[in-house]
Amino acid sequence: MTVAMTHLDRLEAESIHILRETVAEADKPVMLYSIGKDSAVMLHLARKAFFPSPLPFPLLHVDTTWKFRAMYELRAKVAADPQVELIVYRNREAESQGINPFDHGPLHTDMWKTEGLKQALDKYGFDAAFGGARRDEEKSRAKERIFSFRTATHRWDPKRQRPELWSLYNVKKNKGESVRVFPLSNWTELDVWQYILREGIEIVPLYFADERPTVERDGLILMVDDDRFPLNGETPKLRKVRFRTLGCYPLSGAVESEAASVEEVVAEMLLTTTSERQGRAIDKDAGSASMEKKKQEGYF
Amino acid sequence: MSRVLDKDRELIASNVSEWLSRHERKEMLRFITCGSVDDGKSTLIGRLLYDCGQVFDDQLEALEADSKARANGDRLDFSLLVDGLSAEREQGITIDVAYRFFASEKRKFIVADTPGHEQYTRNMITGASTADVAVLLIDARKGVLTQTRRHSYLARLVGIRHLLLAVTKMDLVDYDQAAFDSICADYAAFADKIGISNWRAIPLSGVEGDNVTAASERTPWYSGPTLLDYLDTVEIDASSDAAKPFRMPVQWVNRPDQNFRGFAGQLASGRIAPGKEVRVLPSGRTTRVARIVTFDGDLDDAVAGQSVTLTLEDEVDCSRGDVIAAAADPAESADQFEATIVWMAEEELLPGRGYWMKIGTETVTAMVQEPKYEINVNTLDHLAAKTLALNGIGVSEILTDREVVFEPYAVEGSSPNKALGGFILIDKRTNATVAAGMLNFALRRAHNIHRQHLEVERETHAALKGQKPAVLWFTGLSGAGKSTIANLVEKKLAAKGRHTFLLDGDNVRHGLNRDLGFTDADRIENIRRVGEVAKLMADAGLIVLTAFISPFRAERHMVRRMLPEGEFIEVFVDTPLAEAEKRDVKGLYGKARAGELKNFTGIDSPYEVPQKPEIHIDTTRMSADEAADLIVAKLLARR
């Protein structure tokens with residue numbers, strides 16, 4: 001007996017359809033794995049889409065060496081699964097120059113993430129890359145296609161996007177060109193959390209509140225995750241915090257919270273009042289148009 | 001203000017699991033909003049998001065700041081919540097399709113927001129293709145405009161069954177019932193004319209919030225639903241898809257090892273269970289479903305919309321692009337159709353050119369004939385047309401290079417067959433999506449003109465001549481040396497007693513093709529005719545040599561497909577442009593450079609280099625005679 005499909009069932013079925021279309025039509029797909037909750041959901045959907053086969057593409061983590069330790073722990077666990085192949089890529093130039101978020105500001109994101117991603121895609125020749133971005137995250141994302149076409153230099157031109165009708169996706173491209181594919185396009189933040197709860201998906205514990213050593217910088221609560229954090233005479237203070245989004249630990253703002261389970265996080269999220277990307281320093285560089293500009297330059 | 005309404009707050013705070021389980025059971029409705037910014041569309045959507053508690057505090061702060069910056073005083077400009085890309089925010093217009101998400105008590109909504117300007121028909125069709133409902137904005141001061149009629153027509157064209165007229169800016173006409181009634185009367189007359197029966201109208205104000213989520217006291221004369229009530233209760237297409245016969249286009253064959261062979265896909269319609277008899281299309285083989293496999297365990301039943309993996313009881317041929325259908329009620333297949341086409345690219349339609357056509361999970365080559373007519377979306381008149389330009393809508397015949405499983409897009413009284421009736425066309429050179437289309441019905445013309453059975457078959461012709469037929473297709477720039485080399489090849493073959501014939505570009509243009517010029521469309525027709533002639537000569541057992549620039553890959557591919565495997569031999573006569581221009585045997589490059597010759601290949605018209613020619617002749621490295629020897633040797637070495 002089948003019951004009527006709920007909105008989560010529909011979102012899941014649509015995402016699986018998108019994953020399969022890409023694998024059927026692309027030459028060399030890859031899944032961008034950021035270790036965050038959206039990546040966790042995307043990975044779970046991919047396992048469902050191709051079951052009982054192993055994942056027909058590798059995961060790619062564009063590393064900056066500055067992620068939280070707890071993220072590296074989960075990454076190691078995911079990589080230990082024999083059904084999963086994980087590639088870790090680091091921009092050698094950024095590594096040799098010692099680019100870091102404390103001394104180099106926006107250059108850190110640009111070199112490690114934007115440039116690192118382009119280098120990795122070029123090195124392995126991936127022609128389709130899955131990303132976990134959602135249209136509800138940010139205004140310029142609302143207009144992006146599910147299959148987002150990129151030029152050979154990885155540029156995104158909002159005016160040259162292909163029209164996307166029904167569930168027919170045009171995956172064709174010339175040599176050197178690629179597509180970014182967003183299977184979670186139509187999911188909202190609440191959908192993601194609800195799905196994590198329903199499916200029992202493992203996510204990094206940093207999403208749940210716990211006592212963590214923190215300092216305050218420019219109005220952000222930052223976690224002192226290792227001894228690379230330059231303390232200017234400060235003593236880290238134990239605060240009960242959690243993270244709404246995870247990235248490089250010196251760039252990820254924590255929120256004070258008591259929420260220690262998915263349900264509690266959802267309740268807190270619904271009852272509090274700031275939108276998700278606010279904890280991320282990156283969007284604020286240049287006002288409301290900054291994400292759009294980053295995307296044109298090749299940021300995921 | 002937070003994203004949660006006060007009535008939900010308490011439950012979330014006290015029992016979030018209960019709230020979540022209620023939320024999880026919600027259905028999903030997709031709708032499109034059509035109208036221009038002047039109609040207050042962004043304002044209305046912004047208001048809907050705001051009233052449904054979908055706006056965060058920080059967004060609200062940004063909104064207040066933005067509203068002030070735009071000299072709106074203290075009044076919130078809800079449209080700022082909706083307008084996205086910076087270029088268009090600066091211009092004050094929306095230029096593409098944007099998707100928004102919100103939820104009510106009963107449903108989750110995905111809104112496709114599209115602009116109303118005429119040049120963006122493309123965007124509206126895109127947004128409407130996935131929508132259950134269209135919300136058409138009408139400015140109460142302006143009434144039913146050409147734009148309203150156009151949007152209604154387009155919504156109906158893509159099979160949207162429920163139309164809502166959102167009569168906005170009622171505050172600016174003092175909530176006057178007569179103004180509203182007159183709009184409804186105007187629209188009723190139009191709706192009757194084009195066969196829209198399922199529509200209703202609501203008097204609204206986005207700025208003031210009247211009848212958006214709460215019934216307004218300022219319209220006591222209106223007793224119908226609010227906008228949100230309407231969206232909460234209108235029928236969803238997915239429910240009628242489940243009632244249709246079973247169809248599942250195969251996306252991907254799942255074969256982890258020798259013991260498992262599953263067919264992955266999303267059910268387009270109907271339902272399926274293990275043991276049910278199915279037919280694999282277009283081959284027509286029947287078998288039964290063995291299992292419905294998912295990550296969460298086998299299912300007893302699956303319904304339209306679900307993504308599953310089926311295994312079948314028998315080993316039947318089945319691959320991506322095939323459709324698994326109910327055995328007793330399968331879909332049709334055909335290779336000629338009448339279709340309604342919406343052109344979406346700057347480059348206009350080239351009738352006769354081969355485009356990729358993606359339908360369901362199948363991709364074939366399709367040729368679109370000259371339109372029977374184009375539709376003027378403002379007057380709905382049928383106009384004569386030779387082609388379709390950006391945003392043009394026309395009805396044409398389409399020929400595909402093999403049989404395609406399909407269903408007519410529009411269904412009277414039911415949801416449209418989007419999965420097997422809707423298609424896109426893709427330019428083979430740029431890979432851009434150039435058109436969307438809806439199949440109306442299959443044409444049986446080719447089936448009615450039965451081919452005359454020929455007693456003397458092509459094998460007999462070939463055997464009598466003691467040779468294997470072939471088409472040596474010389475392609476390259478003007479002046480590359482195609483004719484010279486082809487002539488030498490023919491002489492050498494004749495000397496060996498082979499039966500040959502040389503079709504030369506210039507000669508054919510003096511006779512068979514003298515009615516054709518040098519536009520892209522004429523070049524395509526030129527090659528098509530030459531291809532057909534070459535094919536007939538190959539059927540007669542000849543070795544045919546053709547020397548044509550044939551600059552487009554798509555047309556060379558078209559000819560290749562006309563012939564049996566292995567009989568089309570592409571010979572790329574590779575001479576760099578500079579070298580060909582230097583030789584300029586016929587003085588044509590000089591004329592083209594002087595602007596006296598238009599559409600000259602290599603100068604102002606492209607040449608698409610063959611990707612995998614059977615024979616590649618680099619004329620800077622070998623003489624014409626050496627090239628001819630090489631070609632003869634390769635030709636005769638065929639098994």
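A helix here is a DSSP run of at least four H or I residues, a strand is a DSSP run of at least two E residues, and both are numbered from the N terminus. This model is predicted.

**Chain A against chain B**

The two chains meet in a contact built from 53 residues of chain A and 64 residues of chain B. On the chain A side, four helices each give two or more residues: α1 (7-25), α2 (37-50), α7 (189-199) and α8 (262-271). Helix α1(A) has the largest share, with 10 residues. By class, this side of chain A holds 23 nonpolar, 15 polar and 15 charged residues.

**Domains of chain A**

Chain A splits into two domains. Domain 1 covers 7-191 + 289-297, and domain 2 covers 204-283. Their C-alpha centres are 24 Å apart. Across the domain boundary, 19 residues of domain 1 touch 17 residues of domain 2. The elements of domain 1 that give two or more residues to this contact are α3 (69-79), α5 (101-104) and α9 (290-297) of chain A. The largest share on that side, 4 residues, belongs to α3(A). The domain 1 side has 9 nonpolar, 4 polar and 6 charged residues.

**A helix pair in chain B**

Two packed helices are described by the angle between their axes and the distance between the axes. In chain B, α14 (residues 482-495) packs on α20 (residues 624-636) at an angle of about 55 degrees, with the axes 9 Å apart. So α14(B) counts as oblique to α20(B), because that angle falls outside the parallel, antiparallel and perpendicular ranges, the last of which is 65 to 115 degrees. The crossing of α14(B) past α20(B) is right-handed.

Which residues make the contact? From α14(B) come B:T484, B:I485, B:L488, B:V489, B:K492 and B:L493. From α20(B) come B:A624, B:D625, B:A627, B:A628, B:I631 and B:V632. By class, the contact has 9 nonpolar, 1 polar and 2 charged residues.

**Backbone exceptions**

Most residues other than glycine have a negative phi, and most peptide bonds are trans. Some sites in this model depart from that pattern.

Start with the cis bonds. A:F51 and A:P52 are joined by a cis peptide bond, with omega about 0 degrees. A:P52 sits in the loop between α2 and β2 (59-62) of chain A. In chain B, a cis peptide bond links B:L281 to B:P282, with omega about 5 degrees. B:P282 lies in the loop between β11 (277-281) and β12 (285-293) of chain B.

Next, positive phi. A:W166 is not a glycine, yet has a positive phi of about 45 degrees. A:W166 lies in the loop between β5 (147-150) and β6 (178-181) of chain A. B:N599, also not a glycine, has a positive phi of about 55 degrees. B:N599 is placed in the loop between α19 (588-593) and β28 (615-618) of chain B.

**Loop residues: buried or exposed?**

B:E346 belongs to the loop between β16 (332-343) and β17 (354-359) of chain B. The C-alpha atoms of B:E346 and B:V434 are separated by 8.3 Å, although these residues are 88 residues apart along the chain. How many C-beta neighbours does B:E346 have within 10 Å? The table gives the count, together with those for A:W166 and B:N599.

| Residue | Other C-beta atoms within 10 Å | Class |
|---|---|---|
| A:W166 | 20 C-beta atoms | buried |
| B:N599 | 15 C-beta atoms | partly exposed |
| B:E346 | 9 C-beta atoms | exposed |

A:W166 counts as buried because 20 neighbours reach the cut-off of 20 or more. B:E346 is exposed because its 9 neighbours fall under the limit of 12 or fewer. B:N599, with 15, is in between and so is partly exposed.

Terms used:
Residues numbered from 1 in each chain as written. Chains lettered and ligands numbered in written order. Predicted model: local features only at pLDDT ≥ 70, side-chain atom pairs only at ≥ 80, totals over all residues. Contact = placed C-beta atoms within 7 Å. Nonpolar A, V, L, I, M, F, W, Y, C, P; charged D, E, K, R; others polar. Axes fitted to C-alpha atoms, helices over the stretch in contact; angles between N-to-C directions. Parallel < 35°, antiparallel > 145°, perpendicular 65-115°, else oblique. Left-handed = near helix turned anticlockwise from the far one by under 90°. Domains from an automatic or database assignment.
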